[in-house]
Amino acid sequence: MAPSTFPQQPVDLDAVDRRIIQELVNDARISNALLAQRTGIAPSTALLRTRALVERGVLTGYHAEVSLPAVGRSVQALISVRLRVHDRVLIDKFTQKMPQLPEVLSMFHTSGVTDYLLHIAVSSTEALRDWVLDNLATDESVGHTETTLVFGHHKGAGGPIPEEPGQVPAEHRAGAH
C-alpha cells in the first residue's frame with residue numbers, strides 16, 4: 001500500500017488560512033476575487049495562500065456533487081466486509097481493487113469485527129445483488145459480508161475549522177447558543 005502524501009500531523013494554520021479553508025468548504029467554486037473579499041486580503045494573496053494550502057496537503061481537492069439517481073444509481077448500500085484471513089498480500093490486493101470499481105463511492109478501513117465498510121451506488125436491488133456476488137462473494141480474501149440499504153444520506157458540513165488544532169469551535173462547545 002502506498003504511503004499517504006497528506007500530512008499525518010496537524011499543519012500550522014493562521015486565521016487567514018482558516019478563513020480561506022472555511023470559505024472553500026462552504027463553496028469550492030468561489031471566485032478568487034470573492035474569496036479575497038470575504039477573507040479581507042488581496043486577490044494575489046488569496047491565490048498564493050490557496051496554492052500554498054494545496055502544496056502543504058491541507059486542501060486535497062475540489063469536487064463536484066453528482067445526483068446519483070439522475071445518473072441511474074438510485075440504490076445505495078453500505079457493505080460491511082470481514083476478511084477471511086489477514087494476509088498482507090490479500091489485504092493489499094483488496095484495498096487496491098475495491099476503490100477502482102465504479103460503483104464504490106467510498107471505502108473505509110475500520111477496526112473491530114468489520115475490516116472494511118464500502119459505500120456503493122447501483123441502479124437497482126438486482127444490480128446490488130449481482131455486484132455483491134461478482135465482487136465480494138467470489139473474492140478469495142472475503143470471509144463475510146453484510147449489506148445495509150441506504151434510505152437517506154445527510155452530508156455533514158465539513159467544518160467549521162477549529163481556531164487551533166484540536167480545539168472545538170465556540171459555537172459547538174457545550175452551553176454555547
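Helix α5 lies across β1, β2, β3 and β4, and runs at about 25° to β1. Keep in mind as you look around that this is a predicted model.

One residue to pick out on that helix is Asn-135, which is found in α5. Is Asn-135 buried or exposed? With a relative accessible area of 13%, Asn-135 is buried, because anything under 20% counts that way. Leaving aside residues up to four places away in sequence, Asn-135 touches Lys-97, Met-98 and Leu-101.

Now for the strands that α5 lies across. They form an open sheet of four, in the order β2-β3-β1-β4, and the pairing is antiparallel. At the edges stand β2 (104–109) and β4 (142–150), each with a single partner strand, so one side of each has no neighbour in the sheet. From one strand to the next, the twist averages 20°. Strands in a sheet are held in pairs by backbone hydrogen bonds, either parallel or antiparallel. Here, β1 and β3 run antiparallel and are joined by seven bridges. To see how they line up, find Val-81, which stands opposite Tyr-116 in β3.

What about the inside? Nonpolar side chains in soluble globular proteins tend to be buried together. The largest nonpolar core in this model has 19 residues, and the members touching the most others are Ile-79, Val-81, Ile-120, Trp-131 and Leu-136. At least two residues of this core come from each of β1 (75–83), α4 (88–97), β3 (116–122) and α5 (125–137). Which element gives the largest share? That is β1, with five residues.

Ile-79 is a good place to stop and look around. Not counting residues up to four places away in sequence, Ile-79 has a long list of contacts, including Tyr-116, Leu-118, Ile-120, Leu-128, Trp-131, Leu-136 and Thr-147.

Apart from this core lies another one, made of twelve residues, among them Ile-21, Leu-24, Ala-36 and Leu-59. Let's follow Leu-24, which sits in helix α1 (residues 15–26). Its relative accessibility is 9%, so Leu-24 counts as buried. Which residues does Leu-24 touch, once those up to four places away in sequence are set aside? They are Ile-30, Thr-50, Leu-59 and Tyr-62. You can also compare Leu-24 with Leu-35: the two are eleven residues apart in sequence, and their C-alpha atoms are 8.1 Å apart in space.

Methods. Residues are numbered from 1 along each chain as its sequence is written. This is a predicted model: local features need pLDDT of at least 70, side-chain atom pairs count only at pLDDT 80 or more; totals for chains, interfaces and linings use all residues. Side-chain values use heavy atoms; hydrogens and water are left out. Buried means under 20% relative accessible area, exposed over 50%, partly exposed in between (1.4 Å probe, protein chains only). Contact means heavy atoms within 4.5 Å. A nonpolar core is a set of buried Ala, Val, Leu, Ile, Met, Phe, Trp, Tyr and Cys residues joined through side-chain atoms within 4.5 Å. Two strands pair if DSSP finds at least two bridges between them. Axes are lines fitted to C-alpha atoms, for helices over the stretch in contact, and angles run from 0 to 180 degrees between N-to-C directions.
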